[in-house]
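These are my notebook entries on charged and aromatic side chains. I set down each point as I looked it up.

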Amino acid sequence: MKMGRIILLALLLVCAMPSNPVYAAGGSCKRSEKVENSPMSNRDFKKLRKSVKDADFDADKFIFIEAAAATSNFSDKQCLKLMDEFSFDNEKLRVLEIVAPKLVGKVNSVKILSTFEFTQPRKKAAQILHP
């Protein structure tokens, strides 16, 4: 039951983001094509980051990130900040897997790859960034 409430909260968070093009057009919250090629606004990203920080379990944190990625793009700096919310390379890789397809603008791959402590995860991250 708790997981259902968390998913609902994540969807409500994403739908309520003013930069969400569906929200701005007065539509319902469904996965849609991003009208513009810009990252999530700073205000919306702060809301997302707070939700991620406040979540008790990593699984809940990933739900928020996945919900945001369904309707928003990210900058490389936003990606790095989300990855910083996690301690272990495998968790950071999961964030990168979710966010990488939604990265826009000039991406500093070197900075992203330098966040990984071990070689194997760093190699996998490079494959995610440059398929």
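I looked first at E85 and R49, whose side chains meet in a salt bridge with an N to O distance of 3.0 Å. I noted that the pair links distant parts of the chain: E85 is in the loop between α5 (76-83) and α6 (89-99), R49 is in helix α3 (residues 42-54), and they are 36 residues apart. I was working on a predicted model throughout.

I then checked accessibility for this pair. E85 has a relative accessible area of 18%, so I entered it as buried, the cut-off being under 20%. R49, at 23%, I entered as partly exposed.

How many salt bridges does the structure hold? I recorded four, and I describe three of them in these entries, including the bridge of E85 and R49.

I turned next to K50 and D54, whose side chains meet in a salt bridge at 2.6 Å, N to O. Both residues are in helix α3 and four residues apart, so about one helical turn separates them. K50 is exposed at 52% relative accessibility, whereas D54 is partly exposed at 49%.

I followed this with E66 and R94, which form a salt bridge whose closest N and O atoms are 3.2 Å apart. Because E66 lies in helix α4 (residues 58-69) and R94 in helix α6, this pair ties together parts that are 28 residues apart in sequence. I listed E66 as partly exposed at 36% relative accessibility and R94 as partly exposed at 34%.

I searched the whole structure for aromatic pairs and found one. The ring centres of F62 and F86 are 4.8 Å apart and the planes stand at 5°, so I classed the pair as stacked. This pair also links distant parts of the chain, with F62 in helix α4 and F86 in the loop between α5 and α6, 24 residues apart. F62 is buried, with a relative accessible area of 5%, and F86 is buried at 3%.

Which charged residues sit over these two rings? I found the charged end of K61 over the ring of F86, 5.6 Å from its centre. R94 lies over the face of F62, at 4.2 Å from the ring centre; R94 is also the salt-bridge partner of E66.

I closed with the confidence values. The mean pLDDT of the protein chain is 83, and 73% of its residues reach 70 or more. Over residues 21-35 pLDDT stays under 50, and for this stretch I noted 23 contacts beyond four places in sequence in the model.

Methods: Residues are numbered from 1 along each chain as its sequence is written. This is a predicted model: local features need pLDDT of at least 70, side-chain atom pairs count only at pLDDT 80 or more; totals for chains, interfaces and linings use all residues. Side-chain values use heavy atoms; hydrogens and water are left out. Helices (H or I, at least four residues) and strands (E, at least two) are DSSP runs, numbered from the N terminus. Buried means under 20% relative accessible area, exposed over 50%, partly exposed in between (1.4 Å probe, protein chains only). pLDDT is the predictor's confidence in each residue, from 0 to 100. Contact means heavy atoms within 4.5 Å. Rings of Phe, Tyr and Trp (its six-membered ring) pair if their centres lie within 6.5 Å; planes under 30 degrees apart count as stacked, over 60 as edge-to-face and the rest as tilted. A charge sits over a ring if NZ of Lys or CZ of Arg is within 6 Å of the ring centre and within 35 degrees of the ring normal.
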